[in-house]
Amino acid sequence: MRILDQALKHERYFEALTGLRIKEFQRLVEEVKEDWMRTRIERLTNRERKKRIGQGRKETFPTCEEQLFIFLFWARTYPTYLFMEIILGSDTVVLHRLIHRMAPLLAKRLMLPERIGRRRIRNMDELKKAFPEIYEVIVDATEQRIERPKDKRKNKKYRSGKKKAHTLKTQIITDVKSDRILHVSDTVEGKRHDFKLFQDTVTSTAKDGGIKILADSGYQGIKKKFPNLSVVTTIKRFRGVLKLTKKQKRHNRELSKVRVRVEHALGKMKQFKVLAQVYRHATKAYNTFFRATAGIINLRISMRAQVA
């Protein structure tokens with residue numbers, strides 16, 4: 001593929017197009033190639049397939065490297081399929097299928113630390129046991145605008161009072177020390193409150209396991225609802241209270257200095273414009289794209305930490 005060959009000659013161009021350096025891209029290819037080959041064979045040997053292997057139209061992008069590059073280019077710049085058809089010389093249907101096949105592959109292969117093998121980590125005790133180096137984590141939710149739903153019920157459901165727009169909301173938990181993304185929640189409608197999303201994600205009997213959770217003012221009441229968790233939240237000024245004390249303001253400042261790291265993690269993810277611009281595709285596919293991007297960011301963080 002001409003655009004890939006040209007980009008591989010220039011580190012700066014390649015990173016601008018994909019969000020990764022060339023060595024990081026090569027490592028990513030190594031990570032997913034085995035799963036890519038397996039899913040490819042499963043698709044070609046499917047009993048419902050009417051044609052024999054080799055029959056039909058030849059693939060425009062037959063290699064794992066080309067398909068991965070196309071997905072990264074799409075996620076990084078988030079162009080329309082028509083624009084990609086013009087510059088890549090391929091049909092929009094082919095590009096759509098390729099992107100929607102690669103996203104779950106990346107989300108599954110670049111598994112977040114929220115799982116041990118195939119089993120999901122269900123509480124802080126299990127997280128601490130799996131990753132003893134983790135002492136503090138930050139929880140926060142992010143919203144992304146979507147196109148206005150035509151259905152009246154969905155219109156009200158996805159309307160965010162905070163953003164004054166129709167949005168999708170996803171919660172992440174990051175490690176304070178390494179900035180690594182530890183957990184990504186299910187994606188919900190923008191109307192749902194941050195604390196309600198946390199309640200839906202964590203059981204009320206959960207224990208801290210020696211890990212401190214840092215949260216903003218959107219998580220008021222978390223200590224009462226989850227008494228077994230070690231939580232530090234921003235102190236909020238409620239109605240009837242004229243102002244916060246100097247001690248409370250100092251507490252908020254010190255907490256903000258640490259909590260800004262989760263904003264850095266979200267900023268890195270939103271370098272991929274599929275998570276930054278108005279989301280144009282089916283909402284059911286959004287969480288897969290979000291998880292795939294989180295896995296890519298974790299790979300990038302780990303590789304650049306080794307170089308440093």
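These are my notebook entries on the fold, the cores and one surface patch of a predicted model.

Entry 1, ground rules. I number residues from 1 along each chain as its sequence is written, and I use heavy atoms for side-chain values, with hydrogens and water left out. Since the model is predicted, local features need pLDDT of at least 70 and side-chain atom pairs count only at pLDDT 80 or more, while totals for chains, interfaces and linings use all residues.

Entry 2, overall fold. I looked up the secondary structure and found 12 helices and 9 strands in the chain (DSSP runs, H or I of at least four residues for helices and E of at least two for strands, numbered from the N terminus). Along its principal axes the C-alpha trace spans about 70 × 50 × 40 Å. Buried residues (under 20% relative accessible area, with exposed over 50% and partly exposed in between, 1.4 Å probe, protein chains only) make up 44% of the 308 residues.

Entry 3, cores. I then turned to the largest nonpolar core (buried Ala, Val, Leu, Ile, Met, Phe, Trp, Tyr and Cys residues joined through side-chain atoms within 4.5 Å), where, of 61 residues, Leu-28, Phe-71, Trp-74 and Leu-106 touch the most other members. Helix α12 (residues 286-307) gives the most to this core, with 10 residues. Leaving aside neighbours within four places in sequence, I find Leu-106 in contact (heavy atoms within 4.5 Å) with Leu-28, Val-32, Leu-68, Phe-71, Ala-292 and Ile-296. Apart from this core lies another, of 19 residues, including Leu-127 and Phe-195.

Entry 4, surface. I noted that Leu-82 lies in helix α5 (residues 81-88) and is exposed, with a relative accessible area of 55%.
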